[in-house]
Amino acid sequence: MSTAEGHASPSGMEEQRGQGGWLSGLREGYAEIGDVRLHYVEAGEGPLIVLLHGFPEFWYGWRQQIQPLAAAGFRVVAPDMRGYNLSSKPDDVAAYDTAKLAADIRDLIRERGAQSALLVGHDWGGTAAWATAMNHPEVVDKLAILNAAHPRKLSQGLHHPDQLRKSWYFFFFALPELPESVVHANRWHFFRHFLSDARPEYTPEEMDRYVEAWSQPGAATGMINYYRSSVRTSPKRAEAALVPIKAPTLVIWGQDDGYLGPELAEPDHDDVPNLDRVERLLGASHWVHHDEAERVTQLLTDFFAPALPAENR
């Protein structure tokens, strides 16, 4: 049961309530998905786009895309992934297995009343989007990935010293307890530092909203558990889970990513045979949807436009 106005229960939430009031025209709700409850915001009407945020963001990471995509004729749903902000935060590290993330997205799409969706993911949201397209191809009409390496590419990259240096935090977060103490210090300086290479810089008001999300009870552990689960997954098991992705796929890549090398952007043809292209944005950081917000929105709109009624294109 959802509480979003217009697509579920008669007691639906009103616009401008809670975090949904941070942007105009949003509906806000909770989707009961198996054993977790996912908070989301929603805007617009039309073909469904689902926007999946990464670390250390939350639904608000898509603040510059939600309204323009809705205005272009889409229904946009941006959830908080499990472990983040206002969504459920399971205690068990195993609850953050990639297969569970993918099942969340499959079930969210169906809970929102659709059989399939246009799926977009950045960073860990991109990892979940890759997995959803592999595990549940029937729910992914098209796939757009922002600065999230295909799992095979990332695994290969982690064999090289340059990428290992960039990914040092994977292994720091795998430690028990210590990371939580470190990230809380100095008003979340550790998490704020991850966002510090964005251009333009995040405003104080925007950063306050991130701090609010990180300060939700259990959120720090939930966010870090993505990494703990990842490093506990054997390479053999991870490789066995890889299957070719059927959905037409667009990769958008900020070339100045400080966490992922540009060589990781393009997936192998055998893994993504219907790759439309890799759109590399020069000068954009890992936070490409922030740095080049209008360009990213236009790329998504153009890629997804065939799903719109002819009069809306």
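The following paragraphs lead from the overall form of this predicted model to its nonpolar interior and then to a nonpolar patch on its surface.

The protein has 313 residues, and because a compact globule with that many residues would have a radius of gyration near 20 Å, the value of 18 Å found here agrees with such a form. Along the principal axes, the C-alpha trace spans about 50 × 45 × 40 Å, and the secondary structure within these bounds comes to 12 helices and 8 strands. Among contacts between residues at least 6 apart in sequence, 71% join residues that are at least 24 apart.

Turning to the interior, 56% of the 313 residues count as buried, and the largest nonpolar core takes in 101 residues, with W59, I66, L143 and F173 having the most contacts inside it. I66 can serve as an example of how such a residue is surrounded: leaving aside neighbours within four places in sequence, I66 is in contact with L23, L26, V41, A43, L51, V76 and A78, and also with W59, itself one of the core residues with the most contacts.

At the surface, the accessible area of the protein comes to about 12800 Å², of which carbon and sulfur atoms account for 51%. A nonpolar patch is formed there by L164, F171 and V231, which together have about 240 Å² of accessible area. Of these patch residues, F171 lies in helix α6, which covers residues 168–173. F171 counts as partly exposed because its relative accessibility is 44%, a value that falls between the limits of 20% for buried and 50% for exposed residues.

Note on methods
Residues are numbered from 1 along each chain as its sequence is written. This is a predicted model: local features need pLDDT of at least 70, side-chain atom pairs count only at pLDDT 80 or more; totals for chains, interfaces and linings use all residues. Side-chain values use heavy atoms; hydrogens and water are left out. Patches are made of residues with over 30% relative accessible area and no salt bridge: like charges are joined within 9 Å, nonpolar side chains (Val, Leu, Ile, Met, Phe, Trp, Tyr) within 5 Å. Accessible areas come from the Shrake-Rupley method with a 1.4 Å probe; for residues, only the protein chains shown count as cover. A salt bridge is a side-chain nitrogen of Lys or Arg within 4 Å of a carboxyl oxygen of Asp or Glu. Helices (H or I, at least four residues) and strands (E, at least two) are DSSP runs, numbered from the N terminus. Buried means under 20% relative accessible area, exposed over 50%, partly exposed in between (1.4 Å probe, protein chains only). The radius of gyration is taken over C-alpha atoms; the globule rule is 2.2 Å times the number of residues to the power 0.38. Contact means heavy atoms within 4.5 Å. A nonpolar core is a set of buried Ala, Val, Leu, Ile, Met, Phe, Trp, Tyr and Cys residues joined through side-chain atoms within 4.5 Å.
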